[in-house]
Amino acid sequence: MPTYETLPRFAIDLDRLTPEQRRRFRQTVAAFVEDLRTGRFRAGLRVKRVQRAPGIDELTWSMGAGPAGRATWEYGPELRPGAQHIVWRRVGTHAILTGP
C-alpha cells in the first residue's frame with residue numbers, strides 16, 4: 001500500500017471542491033492506488049507529466065458536468081521500504097496547472 005502526504009495548497013483546493021467533486025476524486029484515487037500496485041496506469045486516468053514542471057505528474061478524470069478534474073502529484077522518498085510515497089500537490093480543474 002503506498003503512503004502519501006498532501007501539501008497545504010492541496011488541502012485548500014480540496015476544500016473548494018463540491019461534495020460530488022470530492023466523491024469523484026476519491027473514486028479516482030482508488031483506481032490510482034490500484035494502478036500504483038500493478039505499476040501501470042490505466043488510460044482512463046490520463047496520467048502524464050506536467051510540462052515545464054520536472055518531476056510533477058497529473059491525472060485527469062470526469063467531474064460530470066463542467067471541466068475535467070485534475071490533480072498534480074509527485075513521487076516522494078519512500079517512508080516504508082518497498083512502498084511508493086505520493087505527494088499530492090494540487091486538485092481542481094485545468095486552472096491548477098498554472099502553479100502545479
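## Salt-bridge exercises

Glutamate 20 and arginine 24 pair through their side chains in a salt bridge, 3.0 Å from N to O. Keep in mind that this is a predicted model. Now for some practice.

**Exercise 1.** Work out where glutamate 20 and arginine 24 sit relative to each other in helix H2.

*Solution.* Start with the element: both residues belong to helix H2. Next, count along the chain: they are four residues apart, about one turn of the helix.

**Exercise 2.** Find which arginine three residues from glutamate 20 also lies in helix H2, and check for a salt bridge.

*Solution.* Helix H2 covers residues 19–38, and the residue you want is arginine 23, about one turn from glutamate 20. Then check the side chains: glutamate 20 and arginine 23 form a salt bridge at 2.5 Å, N to O. That fits the cut-off, because a salt bridge needs the nitrogen within 4 Å of the carboxyl oxygen.

**Exercise 3.** Sort glutamate 20, arginine 23 and arginine 24 as buried, partly exposed or exposed.

*Solution.* The partly exposed class runs between 20% and 50% relative accessible area. Glutamate 20 has 34%, so it is partly exposed. Arginine 23, at 32%, is partly exposed, and arginine 24 is partly exposed at 24%.

**Exercise 4.** Describe the salt bridge between arginine 42 and aspartate 35, and say how accessible each partner is.

*Solution.* First the distance: the closest N and O atoms are 2.8 Å apart. Arginine 42 is partly exposed at 36%, whereas aspartate 35 is buried at 6%. As for networks, shared partners join Glu20, Arg23 and Arg24 into one.

Methods
Residues numbered from 1 in each chain as written. Predicted model: local features only at pLDDT ≥ 70, side-chain atom pairs only at ≥ 80, totals over all residues. Heavy atoms only, no water. Helix = DSSP H or I, 4+ residues; strand = E, 2+ residues; numbered from the N terminus. Buried < 20%, exposed > 50% of the residue type's maximum accessible area, 1.4 Å probe, protein only.
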